Amino acid sequence: MRRLTWFNTTALTFGFAFLYLPMVLLIAYSFNSSKLVTVWAGFSTKWYGELLHNVAFLDAAWVTLRVAVVSSTIATILGTMAALVLVRAGRFIGRTVFSGMIYAPLVMPEVITGLSLLLLFIGIGLDRGIFTVVLAHATFSMCYVSVVVSSRLATFDRSLEEAALDLGCSQISAFRLVTLPIIAPAVISGWLLAFTLSLDDLVIASFTTGPGATTLPIKIWSAVRLGVSPEINALSTLMISIVAIGVITASLVTKRNSLRRQAEERAAIQT
Amino acid sequence: MSEKIFEPWNDPNEKPLIQFQNVTKRFGDFVAIDNQSFDIYAQEFFALLGPSGCGKTTLMRMLAGFEAPTTGEILLAGQNMAPIPPNKRAVNMMFQSYALFPHLSVWENIAFGLKRDKMPKPEIEARVDEMLKLTRLEQFAKRKPHQISGGQRQRVALARSLAKAPKLLLLDEPLGALDAKLRQDTQFELMDIQEKTGTTFVIVTHDQEEAMTVASRVAVMDHGHIVQADTPARIYEMPNSVYVADFIGDVTILKGTASPRDGGYDIHFAEGQPALHAKSDIELSKGAACYLAIRPEKIAISADKPEGVANAVQGKILDIAYLGNISTYHVELPTGQVIKTQTANTRRLSRRSFTWEDQVWLSWTDTAGVLLAG
């Protein structure tokens, strides 16, 4: 194994500093007692307390959460269906076009997605609000879901489904009882991906939102334009900790499960 | 002897369980099964044997309902199977990959098909317990598929496919994933279970030894055709073609021309070699091209020219393959042909009589070889 030479150490330090210094500063200043963001005046947690009383932020957080849950659920259903067709249906007319179009939103500039959705909603006379934000988020995040799910389906053993049919399942119950439980981890991670995409989306939400449907990123963005307040630092720190806890828990659970599985497989060979 | 020999295919009164009637299956331009008609009888252990791509898996998948014949009909107990989807057929299949449901326990895997039939709970429990007992899996009922060994998985797959008591069980390379020793034990276990349950088994395999061991009849396939379907003994001793003779077991095939003599034929196979003689029922005109197929264990090897035998040729030992219980000698004739012979090693290695480059005589009777039309 390679040792940590001075070069490696420096590279590592710079890399991490580049990634995390901004966040560390933000977290540190969220505990600043001064109202001025750039002047340190002692440790305090008062901004967290104030945050709890800021109705505008709490409302925005609630809107964001609802949008994220609903839109990621819709995206997961649509994305999984699209993945099934792409992986399973074999060759059909327009398959290449279809698969290309599924992945296009991945590389499409968000401004364009947002603008075209806005034009659509205006065109069909849909009042903008939570509902339109949900639709917009489901639209752009379903392609992420279908990428995740179709890569799982590509390695899925088709004979499992045939076995289910052979044992008396209809096509639908074979999917529900066998395919879905097996690909569930991919579907869930697709949902989580869609959920986080929706949580932090600013561009598309600001195009498609209307009165009474201000999401948290929009709220933060507009608040910052009036000047960065320590309250926003506190809010951001909370968001960072929630995400960090989520990611760390998920990776610990995955790690533990795979270790347990390996141990069980070893045990199975010995018996 | 009052015991009846199990040979329903020779009994004209017996009704076949499965009938293939002029079945053809095409995938695009590729003809996987070419106009085949044959019958499988109840309680048979029928093996489809052939190299990969010969169409044996396609035949099996048509029985399961995963593929439909392009033309022709498949009848199960007299009923046309075409309109019946896989989940409504009294046919179950054991998959090559076992296809065990990884998220379900052994018990739930076996109960899966029964639950789909809406069988009452106590009956399901009784049936699953019975299957667990049959396959000796009682103590693994609560385990998940990844928590048991390969041999146990194979038995779960078998138990699951037998649980619904199908009229016909299809086995797709059922022992392919097991190591040689376990495979042999499992072959006997399969035969045992087949006998106990009285289910008709159709097995697909590319392993001729496996087919010969387990099956009541073996169908040797090549390029979408069943070349010969018969008992293992007849397939081995009376192959109907060079392909079957060559595919099953070890054999030496000599090409020559026939001339009738004494209820058999003289076979001229090389300039300067005496004609070989073989008894045969087949009709060959004088000078017709023919093949003589001789199994190595039917050829005797000796240092001196044997007296009073139908066929004797001299040659030089080219190769010796020592397999422990038997040795195979490759003997080259002065005219270039190589004949394989086998002897049982009844003596210890140090006392063996022949070695490389020895001049030896090979001899066999006039009924040892099989004469095939060219």
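Q: In this predicted model, how far apart do the C-alpha centres of domain 1 and domain 2 of chain B lie?
A: Chain B is divided into domain 1, which covers 8–243, and domain 2, which covers 250–373. Taking the C-alpha centre of each of these two domains of chain B, the separation between them is 39 Å.

Q: How many residues does each domain of chain B give to the contact, and how many on the side of domain 1 are nonpolar?
A: The contact between the two domains takes four residues from domain 1 of chain B and five residues from domain 2 of chain B. On the side of domain 1 that touches domain 2, one residue is polar and no residues are charged, while the nonpolar residues number three.

Q: Which helix gives the largest share of the largest nonpolar core?
A: The largest nonpolar core has 96 residues, and B:Ala47, B:Ile110 and B:Leu170 are among those with the most contacts inside it. This core draws at least three residues from each of domain 1 and domain 2 of chain B. Its largest share, six residues, comes from residues 106–116 of chain B, that is, from helix H2.

Q: Which element gives the most residues to the side of chain A that touches chain B?
A: The contact takes 20 residues from chain A and 20 residues from chain B, and the side belonging to chain A divides into ten nonpolar, four polar and six charged residues. Helix H7 (158–166), helix H8 (171–199) and helix H11 (230–270) of chain A each give two or more residues to that side. The element that gives the most, with six residues, is H7(A).

Notes
Residues numbered from 1 in each chain as written. Chains lettered and ligands numbered in written order. Predicted model: local features only at pLDDT ≥ 70, side-chain atom pairs only at ≥ 80, totals over all residues. Contact = placed C-beta atoms within 7 Å. Helix = DSSP H or I, 4+ residues; strand = E, 2+ residues; numbered from the N terminus. Nonpolar A, V, L, I, M, F, W, Y, C, P; charged D, E, K, R; others polar. Core = buried A, V, L, I, M, F, W, Y, C linked by C-beta atoms within 7 Å. Buried ≥ 20, exposed ≤ 12 C-beta atoms within 10 Å, placed from the backbone. Domains from an automatic or database assignment.
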